[in-house]
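Reader: I am new to protein structures. Please pick one part of this model and take me through it closely, then show me what lies elsewhere.

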Amino acid sequence: MKRSIRLLSVTLVIMITLASLMIPSASAITFKCDVKPRSDSILMINLDTGIEVYSKDADARRYPAALTKIMTYIVAVENIKDLDTRIEIKKSVLKELEDRGMVGTGLDWHSGEKLTVTDVLYALMLPRGNDAALMLADYVGGGDIPTFVKMMNEKAEEIGCTDTRFENPTGVDNDNQYTTARDMVKICRYAMGTPLFSKIVSTPSYTLQGDDYPLVTTNYMIDAARGGEYYYTYATGVQNGETDKAGMCLAATALCDGYAYLCVCLHAPYDTEEYEESCMLDAADLFRWAFLNLKFVSPATKDTPVCEQPIKNAWDTESILLVPQTDLNIVLPSDYKESDITIVPDDTDPINAPVNKGDVITTATVYYKGEAFETINLIANEDVKASPILFFTHGVDKVLTSFWFLLSVGIVVILFIVFVSVSSSYNKKKKRNKKSE
């Protein structure tokens with residue numbers, strides 16, 4: 001008997017677990033886009049809504065090149081409380097840079113001096129300084145750069161990156177250093193909330209204290225003076241890079257008429273003879289497409305009834321209207337039709353009174369032309385009181401028909417049968433013993 005109950009319990013647990021794994025997840029919207037990008041991996045999102053508006057092989061592993069320095073920036077600023085802190089430009093770190101055959105950005109001119117963290121951060125992001133990356137890693141890591149790299153990986157996991165790993169703070173190619181366009185979008189969005197990041201990555205040039213010549217950004221999209229054909233009026237940041245294995249890489253933001261987008265392009269062609277910033281061309285093309293063809297819409301507001309939910313045990317009603325908890329603001333093609341949007345409740349089973357206005361009753365999946373892309377909460381739009389009589393009746397009925405009650409009754413019946421059987425057997429044996437006497 002005990003073995004049977006234990007087997008039944010294990011079976012129930014397995015069934016519940018399998019059911020939870022089969023719940024479908026929402027996907028991005030597929031928009032019609034006539035851009036033919038050169039980059040092998042791309043992900044572009046609307047920054048206001050987080051909606052993915054363009055995707056191309058966004059989950060493929062790629063070498064991150066200098067985009068690595070965005071994570072270097074994050075870990076540095078989160079572990080140095082005062083950005084006016086002065087750190088020493090160590091000769092030992094500069095020598096390590098030289099021994100590795102890596103190019104610096106002029107911090108060697110300040111060898112032995114102390115620069116503010118802010119200055120070093122500008123040197124890190126504008127000219128993509130490997131020397132600046134190593135200086136920050138050495139300082140935060142307490143003289144041990146691998147400790148800093150470990151912090152980078154821990155931060156990537158904390159942010160929610162699922163396919164990213166760092167082996168160095170500079171972005172130099174390493175077979176075990178990789179990311180995806182999707183993970184890099186997460187890293188960039190997180191970085192935008194850190195001190196000075198948005199200001200630094202939108203600055204074309206910056207002069208370190210005591211220098212005669214400025215540090216100049218390598219992101220031509222934001223540099224009107226030097227960007228040439230790559231300059232894009234609405235670009236606002238962030239970082240670019242290239243290596244033999246990574247190809248051309250870019251994380252870029254743009255803002256126009258209240259619309260903000262982030263575009264990550266990875267592994268575009270890298271031809272050292274016919275040098276072309278193909279990632280920047282891709283990003284500019286996608287930004288133009290988005291600004292011209294997409295717009296904010298609100299297909300459902302807090303006052304828009306989505307469905308009626310059956311309700312039990314109420315005084316004078318059999319259903320209640322459900323509305324979105326917040327206004328649904330999304331980005332869609334300018335020529336979209338209201339019929340393109342459908343909102344489907346995820347649970348239509350009856351609920352029990354009492355219900356208070358504003359209570360979250362269930363969730364709903366939002367579809368664009370049949371594609372699920374967002375989940376919203378649905379709430380009650382009014383108070384509904386319970387009928388004590390109906391509530392009691394329903395409660396009794398629920399108890400009497402519940403699995404555990406029926407299981408308990410079954411166990412009692414089985415135990416009773418076992419008891420009767422054992423008693424009968426015992427009495428027969430007792431009678432036999434008396435006869436034998």
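Author: The answer starts with the whole model, goes to one sheet, and then turns to a helix and some rings.

This is a predicted model, in which local features need pLDDT of at least 70, side-chain atom pairs count only at pLDDT 80 or more, and totals for chains, interfaces and linings use all residues. Residues are numbered from 1 along each chain as its sequence is written, and side-chain values use heavy atoms, with hydrogens and water left out.

Begin with confidence. pLDDT is the predictor's confidence in each residue, from 0 to 100. Its mean for the protein is 87, and 87% of the residues reach 70 or more. Residues 1-27 fall below 50. Beyond near neighbours in sequence, that stretch has 11 contacts in the model. A contact means heavy atoms within 4.5 Å.

Now the overall count. The protein has 11 helices and 17 strands. Helices (H or I, at least four residues) and strands (E, at least two) are DSSP runs, numbered from the N terminus. Of the 437 residues, 44% count as buried. Buried means under 20% relative accessible area, exposed means over 50%, and partly exposed is in between, with a 1.4 Å probe and protein chains only. Take the contacts between residues at least 6 apart in sequence: 66% of them join residues at least 24 apart.

Here is the close look. The part is an open sheet of six strands, in the order E14-E16-E17-E12-E11-E15, with mixed pairing. Two strands pair if DSSP finds at least two bridges between them. E14 and E15 stand at the edges with a single partner strand each, so one side of each has no neighbour in the sheet. Strands of a sheet pair through backbone hydrogen bonds, either parallel or antiparallel.

Follow E16, which covers residues 360-368. Strand E14 (residues 341-345) pairs with E16 in the antiparallel sense, over five bridges. Strand E17 (residues 371-380) pairs with E16 too, again antiparallel, over eight bridges. Threonine 365 shows both links. In E14, valine 344 stands opposite threonine 365. In E17, the bridge partner of threonine 365 is threonine 375. Valine 366 in turn stands opposite glutamate 374 of E17. In a regular strand the side chains alternate between the two faces of the sheet.

The turn comes next. E16 and E17 form a hairpin with two residues between them. Lysine 369 in that turn has a positive phi of about 50°.

Go back to the loop before E16. Lysine 357 sits there, between strand E15 (351-352) and E16. Is lysine 357 buried or exposed? Lysine 357 is exposed, because its relative accessible area is 60%. Leave aside its neighbours within four places in sequence, and lysine 357 is in contact with Ala380, Asn381, Glu382 and Asp383. Aspartate 383 is 26 residues away in sequence, yet its C-alpha lies 4.7 Å from that of lysine 357.

For a contrast, turn to helix H5 (residues 130-140). Of its 11 residues, 10 are buried, so H5 is largely enclosed by the rest of the structure. Among the buried ones are Asn130, Leu134, Met135 and Val140. Their cover includes helices H2 (68-79), H3 (91-99), H4 (117-125) and H6 (145-159), along with strand E3 (86-88). Just after H5, glycine 142 takes a positive phi of about 65°.

Last, the rings. The whole structure holds 10 aromatic pairs. Rings of Phe, Tyr and Trp (its six-membered ring) pair if their centres lie within 6.5 Å; planes under 30 degrees apart count as stacked, over 60 as edge-to-face and the rest as tilted. Tyrosine 232 and tyrosine 234 make an edge-to-face pair, 5.8 Å centre to centre, with 75° between the planes. Tyrosine 232 counts as buried, at 6% relative accessibility. Tyrosine 234 is partly exposed, at 37%. The rings of tyrosine 261 and phenylalanine 291 are 5.6 Å apart at their centres with planes at 70°, so this pair is edge-to-face. Tyrosine 261 lies in strand E9 (residues 259-268) and phenylalanine 291 in helix H9 (residues 278-293), so the pair ties together parts 30 residues apart in sequence. Both tyrosine 261 and phenylalanine 291 are buried. These four join Phe287 in one aromatic cluster: Tyr232, Tyr234, Tyr261, Phe287 and Phe291.
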